[in-house]
Amino acid sequence: MKKILVSTALILLAAVSANAAETRCGWLQNPTPANWWLDDADGSWTIMTQGGGTEPDGMDRISDISEGDYVRTNGNYGYACACMNVDTDTGEGRIVAIHSFHQLPIAQCANDTALSAPE
């Protein structure tokens, strides 16, 4: 019985650490309706795609990025610089939950040599 309890505890700990929230900062892009991703120093993270399934938990935490420091590229769409506390699925390169969102000045991402400029 003790072995079962220890095994169960280890499995639960592994599950919790696999979904540990992490802070990711970079270019938050919304080029067209319902298409969102974050490009950070580790690569590109899909947040949601139009017709591509469900949006991540906490999507409503992303405020209207056009009200902050923002680059308009397509009508009402464009990109901003942001930090987000998120849960990711690294195998899929997806953000699966958003815990917090903070928009930053464009200059912060533009001056970060670890980030590639948005296209």
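Okay, Cys 81 first: this one is buried, with a relative accessible area of just 1%. Keep in mind that we're looking at a predicted model here.

So who does Cys 81 pair with? Its partner is Cys 109, and the two sulfur atoms of that disulfide sit 2.0 Å apart. Looking along the S-S bond, you get 75°, and the link between Cys 81 and Cys 109 is right-handed. Cys 81 belongs to strand E5 while Cys 109 is in helix H2, residues 106-110, so this bond ties together parts that lie 28 residues apart in sequence. And Cys 109, is that end buried or exposed? Buried as well, at 4% relative accessibility.

Right, on to the other bridge. The structure has 2 disulfides, and the one we haven't talked about joins Cys 25 to Cys 83, with 1.9 Å between the sulfurs. Here the angle about the S-S bond is 110°, and the link of Cys 25 and Cys 83 is right-handed. Where do its two ends sit? Cys 25 is in strand E1, which covers residues 22-32, and Cys 83 is in strand E5, residues 77-89, so the pair ties together parts 58 residues apart in sequence.

Now the burial for that pair. Cys 83 comes out at 17% relative accessible area, and since the cut-off for buried is under 20%, Cys 83 counts as buried. Cys 25 is at 33%, so we call Cys 25 partly exposed.

If you number the bonded cysteines along the chain, what's the pairing? You get 1-3, 2-4. Have a look at strand E5 while you're there: Cys 83 sits in that strand, bonded to Cys 25 over in strand E1, and Cys 81 sits in strand E5 too, bonded to Cys 109 in helix H2.

Let's zoom out to the whole chain. We have 2 helices and 6 strands, and starting from the N terminus the order reads α-β-β-β-β-β-β-α. So, on to contacts: take those with a separation of 6 or more, and 56% of them are between residues 24 or more positions apart.

Last bit, the surface. The chain has 119 residues, and 34% of them count as buried. What does the protein chain expose? About 7,200 Å², with carbon and sulfur atoms supplying 53% of that area.

Methods
Residues are numbered from 1 along each chain as its sequence is written. This is a predicted model: local features need pLDDT of at least 70, side-chain atom pairs count only at pLDDT 80 or more; totals for chains, interfaces and linings use all residues. Side-chain values use heavy atoms; hydrogens and water are left out. A disulfide is a pair of cysteine sulfur atoms within 2.5 Å. Helices (H or I, at least four residues) and strands (E, at least two) are DSSP runs, numbered from the N terminus. Buried means under 20% relative accessible area, exposed over 50%, partly exposed in between (1.4 Å probe, protein chains only). Contact means heavy atoms within 4.5 Å. Accessible areas come from the Shrake-Rupley method with a 1.4 Å probe; for residues, only the protein chains shown count as cover.
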